[in-house]
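Hello,

Here is the structure we spoke about, for you to open alongside this note. My findings follow below it.

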Amino acid sequence: MQQEDPRIRWVKEPEMGFWEKTYLPLFADGLTTTVRHLVRRKVTVQFPEERHAFAEPLRYRGVHRLNRDQQGRVKCVACFLCTTACPAHCIDIEAAPSPWLDREKYPVRFNIDELRCIFCGMCEEACPVNAIELTTLYDLSGHSREEMIFDKEKLLSIYDQTKGAEPPLWMMQRAVQEGGAAGAGGGSDESRHSETTSESSAGQTVG
Amino acid sequence: MPKAYIDGREIEFSMGERLNGIQAAARAGIAIPHYCWHPGLSVVGSCRMCLVEVGTRDTESGRIIMLPKLMPACNTPIKDGTVLVTHSEKVARARAMVEEDLLLRHPIDCSICDKAGECSLQDYHFRYGTAERRAEIRPFTSRKRDLGDITLFVDRCVMCSRCVRFTREISGASELLIIRRGAHEEIDVLPEQPLNNPLSGNVVDLCPVGALADKEFLYKQRVWHLRRSPGICTLCATGCSIWIEQNQDRVYRIKPRENPQVNHWWICNAGRYSYPRIHDPKRLRGTVRRTGEALVPVDGKALLRELPDRLRSAGRLALMLSPFLTVEEAYLACAWIRSLDTQAQITVGPIPRDGEDQQFSGGFRISAQKCPNRKGVEEIAAYFQPGGPTWSEWLNAAGRGEFGGIWVAGGYVDPWIDGPTARQVRRAGLLIVQDLFPTPLSDIADYVLAAGAFAETEGSYVNARHRLQVARRAVRPPWGNRPCGPLMWDLLGRTGLYDPRRVLSEVAAEIPYFHAALGEIPDIGIDLRINQLAEVTQRQPVV
């Protein structure tokens with residue numbers, strides 16, 4: 001870098017006046033901000049006891065769950081699309097011919113390494129039957145690494161635990177379908193409804 | 001030389017060559033989609049996917065006359081001046097129509113179909129089908145039918161009849177047939193006559209869609225997770241070329257690799273389902289030394305220090321090479337044992353046999369010799385010790401206590417030695433056994449070294465017809481197991497990683513039988529007799 005480079009513009013520091021030299025206006029300015037925050041409504045919460053409400057629970061990406069179908073069986077058809085989509089390679093499935101008449105294939109083993117997972121939500125997007133979903137649970141912890149590899153039973157139990165507060169997408173789709181045009185009627189929910197109905201055709205791809 | 005014109009590209013072929021439209025186009029680098037045609041089977045021209053425009057070009061005037069209708073390329077013999085147009089709008093329309101028709105009755109359950117990812121219907125639909133569907137297609141679950149060795153997903157079938165023709169023309173037992181007619185056609189077997197022949201697994205590879213499913217592989221892996229490497233089947237002396245498909249060091253599937261000189265497009269079921277042995281929990285693991293009754297694990301570096309010393313002080317040495325070793329392993333083992341004792345007695349272990357050779361009507365042959373490399377190992381042994389002892393002579397010498405130290409380089413996949421024979425070998429002061437599975441011999445050996453299975457070793461095999469083929473390593477051996485090749489490489493004090501290619505060049509340069517293997521070895525292997533033929537012609541020049 002050279003001084004006579006024409007692209008460089010040299011700026012001179014402005015001279016400070018009398019009041020600026022006393023720092024009093026700046027002092028008053030800063031103190032005003034402090035006082036304003038003192039009287040404002042607080043945004044921090046006392047975490048373990050108090051929790052934030054989710055503005056958009058559907059978009060939050062917390063711990064996974066494996067949804068159940070109407071008969072309480074695992075909804076997953078073991079197509080391995082989530083393992084294919086997973087950039088962290090944290091999903092491990094073992095498939096087998098299913099014992100049920102209306103389904104061909106099902107997962108015998110379904111493990112997610114929650115420590116390896118990066119919570120990107122690609123598995124949820126890839127799933128053709130909306131069987132895997134990310135919940136709003138975020139405070140997952142364990143005593144060992146092995147404990148953090150969630151198996152099928154654990155993931156299904158998360159579904160049982162969260163289905164009340166967060167109904168699975170396929171149930172909401174069904175409600176939309178049964179509600180007919182009323183659901184797609186308007187308001188802020190319109191975009192989401194149209195999205196879910198278009199997904200529902202893909203959701204029926206299998207069995 | 002006769003010429004044909006494919007999409008304006010000129011291809012040449014020799015006079016006697018019998019090409020059809022698909023083969024000629026492939027030579028020009030153009031793929032014509034097809035379901036029912038397969039190079040190994042007769043032509044039926046039933047799927048109509050390969051329809052192209054056909055014409056002839058007059059060699060003198062250069063005028064081209066096209067036929068008004070589309071013709072199946074698989075059934076169009078290429079003559080001098082044949083013109084094919086494969087990318088016109090007319091052809092594209094015909095292909096889209098075939099795709100649409102096939103999808104009318106196809107359950108679109110790709111997400112749970114094992115063929116997804118290597119399915120012709122899927123691939124062709126993306127390439128040649130239309131995105132828009134005119135018929136209302138509701139996905140459904142396919143019906144399943146047990147055909148014996150294979151499961152049939154009835155509704156996924158596109159009626160190409162490849163499997164039916166295979167059982168009639170190649171395996172010869174004709175178990176499969178087509179029942180009903182028209183749109184109701186289905187593949188089936190006669191009652192009480194299920195599909196169960198030694199080649200039945202090939203119909204799964206032949207099936208262009210997911211209709212025929214391998215019971216062993218069903219739902220084990222999605223095919224796009226598998227990585228394949230070229231290998232050689234080691235279960236008989238035919239030495240079929242295979243693809244070994246693995247994911248995370250576990251072999252899930254073995255498929256035939258096209259080799260016109262050995263197995264064409266087929267392999268037998270024994271070879272196809274041989275992979276569970278690689279992951280057999282009964283396999284020997286690691287390296288152990290027997291001290292009294294106790295088994296002490298030995299790590300690799302300690303082994304390299306101990307073995308030479310103990311063998312040197314053992315007295316007369318003897319080596320048994322199993323016919324399951326690769327050429328390189330046998331050579332390194334002989335070289336090493338001879339470096340310790342120049343009079344070491346080298347023999348080839350028992351050759352497993354089972355019944356008689358099986359010859360199928362399509363030309364496929366399953367050898368009765370159940371080992372991959374008898375020829376190669378025998379030639380190596382004969383080079384190091386011309387007129388060396390046979391297995392029974394060697395065994396008798398061992399029984400008389402003539403050997404101080406014995407190295408048994410095994411690798412047999414089936415039980416190969418009985419208790420009394422093992423005790424005969426045990427007469428030696430020091431017994432080192434390298435094998436895949438526990439045997440009566442490994443139970444009484446001083447050192448037991450776990451060997452590498454066929455997918456874990458890299459090297460070359462010589463089959464019953466003197467063809468040398470190279471197998472690549474597909475998976476890593478279990479932790480602690482050292483295949484014979486790398487171990488010998490280290491014992492010989494060679495530096496760097498085990499390099500079977502370099503060893504083979506040494507073998508080829510030293511031993512006349514292997515001279516043909518000096519250069520690059522093609523995927524289909526090389527016939528080691530070509531040099532011997534050349535020698536014969538040199539001695540008797542044609543006047």
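A:A95 has A:P107, in strand 3 of chain A, as its bridge partner. This is a predicted model, so please read everything here in that light. The pair belongs with a longer match: strand 2 and strand 3 (residues 105–113) of chain A run antiparallel and share seven bridges. Strand 3 of chain A also pairs with strand 5 (residues 149–150) of chain A. That pairing is antiparallel too, with two bridges. There, A:I112 faces A:F150 of strand 5 of chain A.

Strand 2 of chain A matters again at the contact between the chains. Chain A puts 16 residues into that contact and chain B puts in ten residues. On the chain A side, helix 3 (81–85) and strand 2 (91–97) of chain A are the elements that give two or more residues. Strand 2 of chain A has the largest share, three residues. By type, this side of chain A holds ten nonpolar, four polar and two charged residues.

Now chain B. It has 543 residues, and 45% of them are buried. Its C-alpha atoms fill a box of roughly 85 × 65 × 45 Å along the principal axes. There are 15 helices and 26 strands in the chain. Take the contacts in chain B between residues at least 6 apart in sequence: 66% of them join residues at least 24 apart.

The domain assignment splits chain B into domain 1 (3–87), domain 2 (138–279) and domain 3 (287–534). The centres of domain 2 and domain 3 of chain B, taken over C-alpha atoms, are 33 Å apart. Between these two, 30 residues of domain 2 of chain B meet 31 residues of domain 3 of chain B. On the domain 2 side, strand 12 (227–232) and strand 13 (241–247) of chain B each supply at least two residues. Strand 12 of chain B gives the most, with four residues. This side of domain 2 of chain B divides into 15 nonpolar, twelve polar and three charged residues.

Which order do the seven strands of the open sheet in chain B take? They run 16-15-23-22-21-17-18, with mixed pairing. Strand 16 (294–297) and strand 18 (345–348) of chain B are the edges; each has a single partner strand, so one side of each lacks a neighbour in the sheet. From one strand to the next, the twist averages 15°. Inside the sheet, strand 17 (residues 317–321) and strand 21 (residues 405–409) of chain B are parallel, over five bridges. B:M320 stands opposite B:V408 of strand 21 of chain B. Helix 10 (residues 391–399) of chain B packs on this sheet and touches strand 17, strand 18 and strand 21 of chain B. Its direction makes about 135° with that of strand 18 of chain B.

Next, the nonpolar cores. The largest has 146 residues, and B:L319, B:L321 and B:A333 have the most contacts inside it. Helix 8 (residues 327–340) of chain B provides the largest share of this core, eight residues. Leaving out residues up to four places away in sequence, B:A333 touches B:L319, B:L321, B:A409, B:C484 and B:M488. Another core, of 34 residues, lies apart from the largest one; A:V74, A:C79, A:A131 and B:C113 are among its members.

Why is helix 4 (residues 162–169) of chain B largely enclosed by the rest of the structure? Six of its eight residues are buried. They are B:R162, B:C163, B:V164, B:R165, B:F166 and B:T167. These residues pack against strand 9 (176–179), strand 10 (186–189), helix 5 (202–206) and strand 11 (212–214) of chain B.

One last residue: B:T151, in strand 8 (residues 150–153) of chain B. It counts as partly exposed, because it has 18 C-beta neighbours inside 10 Å and the cut-off for buried is 20 or more. Beyond its neighbours within four places in sequence, B:T151 is in contact with B:K144, B:D146, B:A213, B:K215 and B:L218. B:L518 is 367 residues from B:T151 along the chain, and their C-alpha atoms are separated by 46 Å.

Best wishes

Notes. Residues are numbered from 1 along each chain as its sequence is written. Chains are lettered from A and ligands numbered from 1 in the order in which they are written. This is a predicted model: local features need pLDDT of at least 70, side-chain atom pairs count only at pLDDT 80 or more; totals for chains, interfaces and linings use all residues. Two residues are in contact if their C-beta atoms, placed from the backbone, lie within 7 Å. Ala, Val, Leu, Ile, Met, Phe, Trp, Tyr, Cys and Pro count as nonpolar, Asp, Glu, Lys and Arg as charged, and the others, Gly among them, as polar. Domain bounds come from an automatic or database domain assignment. A residue is buried if 20 or more other C-beta atoms lie within 10 Å of its own, exposed if 12 or fewer, and partly exposed in between; C-beta atoms are placed from the backbone. Two strands pair if DSSP finds at least two bridges between them. Axes are lines fitted to C-alpha atoms, for helices over the stretch in contact, and angles run from 0 to 180 degrees between N-to-C directions. A nonpolar core is a set of buried Ala, Val, Leu, Ile, Met, Phe, Trp, Tyr and Cys residues joined through C-beta atoms within 7 Å.
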